[in-house]
Amino acid sequence: MGAEVVVEGLTKSFGRQAIWRDVSLTLPPGEVSVLLGPSGTGKSVFLKSMIGLLKPERGSCTINGVDIVRCSESKLYETRKLFGVLFQDGALFGSMNLYDNVAFPLREHTKKSETEIKRIVLEKLEMTGLAGADKKLPGEISGGMRKRAGLARALVLDPEIILVDEPDSGLDPVRTTYISQLFIDVNTQIDATFLIVTHNINLARTVPDNIGMLFRKELVMFGPREVLLTSEEPVVKQFLNGRMDGPIGMSEEKDSATMAAEKAMFEAGHHAGGVEDVRGVPPQMQPTPGLPERMGARRRQDRVMRNLHTLPPAAQEKVIESLSPEEQRHYGVHPHRLVGARQQPQQPPQAQYQGQPPSQHRGQLPADQVASMPQSGWTEPRARDPRQGGT
Ligand SMILES: Nc1ncnc2c1ncn2[C@@H]1O[C@H](COP(=O)(O)OP(=O)(O)O)[C@@H](O)[C@H]1O
Ligand SMILES: [Mg+2]
């Protein structure tokens, strides 16, 4: 099983420029998580901090008991071997063919024989759909193939944690879906912990078990996918819909005067961009038929069901709806929709929660590890919620 990564109170700046502060989250072992956030919010800096390439001033990032931020060089060297990293452009050596690129970490970091290296390299090329392409140079293949080769190389040292930076950049929507399927399949096969940084909304809505978002130098949310995907927070809704109206501006964030001026413009009919209202929780991508069950998904389900009561009501509802009837019986839960509709027909949907948008959940994290959403106070879910959720 992949390693758990526990980030607590991480704060990073460059000189006087603060990047983010007090970031706390836990990547559950073997699950797939996505980190969203507008450009320039420090997502790549976060990934680099996780592998010790950058040093945050405060906080810790702990893997198997080792704090990457403060440990010795030798511990860092050891612990880094647990990571496989897929950088934005694949970061392949242009003069080496795919075989040698993928073999590189094995030749650098292990004493394996060339026979053994060959077995591993061909296995990883096969796993990433590159069988037969081993003689190609990076310049001779498509962007999608380069990314898959980067993933193959990230896999050769049997990583427990895989970090991926913007896997969709430069790919068309179809190739992005193929690489998304590959992440799910690789996760199924090796049960590693994944963190994927992306702007791609399709990927973010369908691939991960958990989603977080960086905004205004803070981690505004991190938790089960249902929490962010049902969130009514303006910044989340704006980001998912790619619209101009909202707190995210041309270069990260807007002040209130700009927001007011723009609001008037949009109210007067100016197109705010985006074509449809992206909302709801679509079904999650599954391993390709023929592969075994994804154990990360199984563990996540138990974990989320244990903490279900701590999630916002709309998220709870979507979690319950995603269960099969057998699973609902197993956990002793019922879809709220049916219960609410039958027992409280007189109550208009959503009446109970007006003026009280759900925001930060207190999911699997202790309350003191959770960042708070700007200008919002999430209150504990009430006993039962008749609301029908986001779809
Ligand atoms: N090594 C560095 N030295 C100084 N500033 C940096 C360095 N790396 C990144 N930055 C700055 O940190 C901010 C966040 O960058 P980045 O993590 O690349 O954003 P994102 O990946 O979210 O688009 C940017 O303003 C960038 O200029
Ligand atoms: Mg980046």
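Visitor: Are helix α3 and helix α4 parallel, antiparallel, perpendicular or oblique to each other?
Guide: In this predicted model, helix α3 (residues 98-109) and helix α4 (residues 114-127) pack with their axes 10 Å apart and at an angle of about 125°. Roughly perpendicular pairs have angles of 65 to 115 degrees, and roughly antiparallel ones lie over 145. The angle of this pair falls in neither class, and α3 and α4 are therefore oblique.

Visitor: What is the handedness of the crossing between α3 and α4?
Guide: The two helices pack at about 125°. Where α3 passes α4, the crossing is right-handed.

Visitor: How is α3 oriented relative to α5?
Guide: Helix α5 covers residues 143-155, and its axis lies 7 Å from that of α3, at an angle of about 30°. Angles under 35 degrees count as roughly parallel, so α3 and α5 are roughly parallel.

Visitor: Which hand does the crossing of α3 and α5 have?
Guide: The axes of α3 and α5 are 7 Å apart. As for the hand, their crossing is right-handed.

Visitor: Which helix gives the most residues to the shell around ligand 1?
Guide: The residues surrounding ligand 1 include Lys 43, Ser 44 and Val 45. A helix covering residues 43-50 gives three residues to this shell, and the helix in question is α1.

Visitor: How many residues of the shell around ligand 1 are polar?
Guide: The shell consists of Phe 14, Ile 19, Gly 37, Ser 39, Gly 40, Thr 41, Gly 42, Lys 43, Ser 44 and Val 45. Glycine is counted among the polar residues. The shell then divides into three nonpolar residues, one charged residue and, as the number sought, six polar ones.

Visitor: What distance separates the end C-alpha atoms of helix α10?
Guide: Helix α10 comprises twelve residues, 256-267. At 1.5 Å a residue, its expected span is 16 Å, and the separation of its end C-alpha atoms agrees with this, at 16 Å.

Visitor: Does α10 lie largely in the open or is it buried?
Guide: A residue is buried if 20 or more other C-beta atoms lie within 10 Å of its own. Of the twelve residues of α10, the number that are buried is zero, so the helix lies largely in the open.

Visitor: Which residue with a positive phi follows α10?
Guide: The helix α10 ends at residue 267. The residue in question has a phi near 110°, and it is Gly 269.

Visitor: Is Glu 166 buried or exposed?
Guide: Glu 166 is located in the loop between β7 (161-165) and α6 (173-190). Although it is not a glycine, its phi is positive, about 45°. It has 21 C-beta neighbours inside 10 Å, and 20 or more are required, so Glu 166 counts as buried.

Visitor: What burial class does Arg 216 belong to?
Guide: Arg 216 occupies the loop between β9 (210-215) and β10 (218-224), and its phi is positive, near 50°. It has 16 C-beta neighbours inside 10 Å, so Arg 216 counts as partly exposed.

Visitor: How far apart in space are the C-alpha atoms of Arg 21 and Glu 218?
Guide: Arg 21 belongs to strand β2 (residues 17-27), and with 18 C-beta neighbours inside 10 Å it counts as partly exposed. In sequence, Arg 21 and Glu 218 are 197 residues apart, while their C-alpha atoms are separated in space by 5.8 Å.

Technical notes: Residues are numbered from 1 along each chain as its sequence is written. Chains are lettered from A and ligands numbered from 1 in the order in which they are written. This is a predicted model: local features need pLDDT of at least 70, side-chain atom pairs count only at pLDDT 80 or more; totals for chains, interfaces and linings use all residues. A residue is near a molecule or strand if its C-beta atom, placed from the backbone, lies within 6 Å of it. Helices (H or I, at least four residues) and strands (E, at least two) are DSSP runs, numbered from the N terminus. The expected span of a helix is 1.5 Å times one less than its number of residues. Axes are lines fitted to C-alpha atoms, for helices over the stretch in contact, and angles run from 0 to 180 degrees between N-to-C directions. A crossing is left-handed if the near helix is turned anticlockwise from the far one by less than a right angle, and right-handed if clockwise.
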